[in-house]
Amino acid sequence: MSARDRDLLEIRSAVAKLCASFPMEYWRETDRERRYPAEFVAELTRAGWLACLVPEEYGGAGLTLAAAAAVLEEIQKSGANGAACHAQMYTMGTVLRHCSEAQKRKYLPAIAKGELRLQAFGVTEPSAGTDTSSIRTSAVKKGGRYVVNGQKVWTSRAEHSDLMLLLARTTPREQVQKKTDGLSVFIVDMKAAVGRGLTIRPIRTMINHATTEVFFEDLEIPEENLVGEEGKGFRYVLDGMNAERILIGAECIGDARWFIAKATDYANERKVFGRPIGQNQGVQFPIARAYMATEAAALMVERAAALYDAGRPCGPESNMAKQLAAEASWQAGDMCLQTHGGFGFAEEYDVERKFRETRLYQIAPISTNLVLCYIAEHVLHLPRSY
Ligand SMILES: Cc1cc2nc3c(=O)[nH]c(=O)nc-3n(C[C@H](O)[C@H](O)[C@H](O)COP(=O)(O)OP(=O)(O)OC[C@H]3O[C@@H](n4cnc5c(N)ncnc54)[C@H](O)[C@@H]3O)c2cc1C
């Protein structure tokens, strides 16, 4: 076994141990009450996992994206839900590559110590989900500040974060040549902003996701909180989005592995007509199919993470990793529910909760159709369809 594989194995085993101290009843209860799993997030933070991508010179563990993917996969594989905190990892894709040295010195050591949380990523708007370039939230420079007006939706964890990475338009769409130009990224100090131009309203959803809508009304942001160059923000968030797709792909692999293990156990134990249901090919084949789909998708997640860590282009691989993994987890979730028969619907088996949770990744952070559009256009050079 290589040193890298040994390191990943150690990471997986440490994360699995931490997750084991949060029994399934904890996740059932937080889900039932739509309560943020603050205790779990605090433990992950204390153990340093949420800052694992922060370089050592800023106080983090300086791990690779492949290692961060192993952390998130392990969380999901334990039956937990890493969506409560995964943004602190994927926002690093933008922060580490595009924040200035001064910004990194200001924020990263505090994030590594767990004193600051960077858990919110504000991109989607009510009239601009898939079509990011048509966002309307504007940031207008006035003296040494930017004044922000507009609205975001589905800004998850906003109530449980100190900082937000915000995408806003700094040059009106009519005044730019390419519609993706004129967008800029900002670091918003949310604690300072709430009540002074920033309002957060929770949205209740079919899963426990702490998601919100966020309103900006003449919110002032100091100009030093602009990330990189004004107008180049779309490119910066794309770097974050590749990291996000790979990490969410890894979460889906974790979900799929949880579903497969749960279904296999149940198929071995549950006896109908005097024999285990898993003895029937009609029950075992869907498990075997889900297993194969998961293993294949896991290879693509691994490949995309390796390219990302090597600093190489990885748009197609990141998108394919997320899509294949999301499809594998959904296939495994459906199979697991079917294998459990009626009991799959009972809260105490956790299948229905994980089934709801994993469904999200067909839609967010990018819907399956748009990944297909991306592959068709950018990899296969078919005409752009939208
Ligand atoms: C629980 C949850 C948490 C989220 N968290 C965040 C977050 O933290 N930050 C953030 O910025 N966003 C977040 N999102 C938003 C998420 O990224 C968007 O929902 C997603 O990008 C899809 O955008 P939309 O909902 O506006 O769908 P739309 O863009 O309205 O699309 C609706 C449907 O039409 C399809 N469609 C649209 N155009 C085409 C086309 N040209 N070809 C084929 N099909 C098409 C889509 O595939 C989709 O199925 C979250 C969403 C949810 C539900």
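Student: Which element gives the most to the lining of the second largest pocket?

Tutor: That is α10, with six residues. Keep in mind that this is a predicted model. The second largest pocket holds about 320 Å³ of space. Its lining has 18 residues, and those closest to the centre are Leu8, Arg12, Glu73, Ala298 and Glu302. Two or more lining residues come from each of α1 (3-20), α4 (65-77), α9 and α10 (281-309).

Student: How many nonpolar, polar and charged residues are in the lining of the second largest pocket?

Tutor: There are 11 nonpolar and seven charged residues, with no polar ones.

Student: What is the volume of the largest pocket, and how many residues line it?

Tutor: The largest pocket has a volume of about 1500 Å³. It is lined by 48 residues, and Gly129, Thr130, Thr132, Pro365 and Ile366 lie nearest its centre. The elements that give two or more residues to this lining are β1 (118-122), α9 (233-269), α11 (315-339), α12 and α13 (368-379). Helix α9 gives the most, with seven residues. Sorted by class, the lining of the largest pocket has 20 nonpolar, 18 polar and 10 charged residues.

Student: How do I read a cavity?

Tutor: Here is the general idea. Rolling a probe the size of a water molecule over the atoms shows where empty space is left. A cavity is a space where the probe fits but cannot get out, whereas a pocket is open. In this structure, the count comes to four cavities of 30 Å³ or more.

Student: Which residues line the largest cavity?

Tutor: Trp27, Thr30, Asp31, Pro37, Asn81, Ala83, Ala84, Asn208, Arg353 and Glu357 line it. The space inside the largest cavity is about 60 Å³. At least two lining residues come from each of α2 (24-33) and α12 (351-359), and α2 gives the most, with three. The lining of the largest cavity divides into four nonpolar, three polar and three charged residues.

Student: Let's stay with α2. How should I think about the sides of a helix?

Tutor: An α-helix has 3.6 residues a turn, so residues three or four places apart point the same way. Now look at α2 with burial in mind. Its buried residues are Met24, Tyr26, Trp27, Arg28, Thr30 and Asp31.

Student: What covers the buried residues of α2?

Tutor: The cover includes α3 (38-46) and α12. Look just past the helix too: α2 is followed by Arg34, whose phi is positive, near 50°.

Student: And which helix gives the most to the lining of the second largest cavity?

Tutor: Helix α7 (residues 101-113) does, with five residues. The second largest cavity holds about 40 Å³ of space. Its lining is made of Val95, Cys99, Gln103, Lys104, Tyr107, Leu108, Ile111, Leu118, Leu163 and Ile187. By class, that is eight nonpolar, one polar and one charged.

Student: I see a cysteine in that list. How many disulfides are there in the whole structure?

Tutor: Zero. To read this feature, check the distance between two cysteine sulfur atoms, as a disulfide needs them within 2.5 Å.

Student: Why is Cys19 not bonded to Cys85?

Tutor: The sulfur of Cys19 is too far for a bond, because the closest cysteine sulfur, in Cys85, is 9.4 Å away. Cys52 is in no disulfide either, and its nearest cysteine sulfur, again that of Cys85, is 11 Å away.

Student: Are Cys19 and Cys52 buried or exposed?

Tutor: Buried means under 20% relative accessible area. Cys19 has 4%, so Cys19 is buried. Cys52 is at 0%, so Cys52 counts as buried too.

Student: Can we try one more residue? Where is Ser161 placed?

Tutor: Ser161 is in the loop between β3 (145-153) and β4 (163-169). Its relative accessible area is 4%, so Ser161 is buried.

Student: Which backbone oxygens does the side chain of Ser161 reach?

Tutor: For a polar contact, look for N or O atoms within 3.5 Å. The side chain of Ser161 reaches the backbone oxygen of Leu163 at 2.7 Å. A polar atom of the Ser161 side chain also lies 3.1 Å from the backbone oxygen of Arg117. Leaving aside residues up to four places away in sequence, Ser161 touches Arg117, Leu118, Gln119, Ala120 and Met190. You have already met Leu118 and Leu163, in the lining of the second largest cavity.

How values were computed:
Residues numbered from 1 in each chain as written. Predicted model: local features only at pLDDT ≥ 70, side-chain atom pairs only at ≥ 80, totals over all residues. Heavy atoms only, no water. Helix = DSSP H or I, 4+ residues; strand = E, 2+ residues; numbered from the N terminus. Buried < 20%, exposed > 50% of the residue type's maximum accessible area, 1.4 Å probe, protein only. Polar contact = N/O pair within 3.5 Å; in protein donor to acceptor, adjacent residues only side chain to side chain. Contact = heavy atoms within 4.5 Å. 1 Å grid on protein atoms, 1.4 Å probe; cavity = no way out; pocket = protein on both sides within 12 Å on 5 of 7 lines; lining within 4 Å. Points joined across faces, edges and corners; volume = space filled by probe spheres on them. Nonpolar A, V, L, I, M, F, W, Y, C, P; charged D, E, K, R; others polar.
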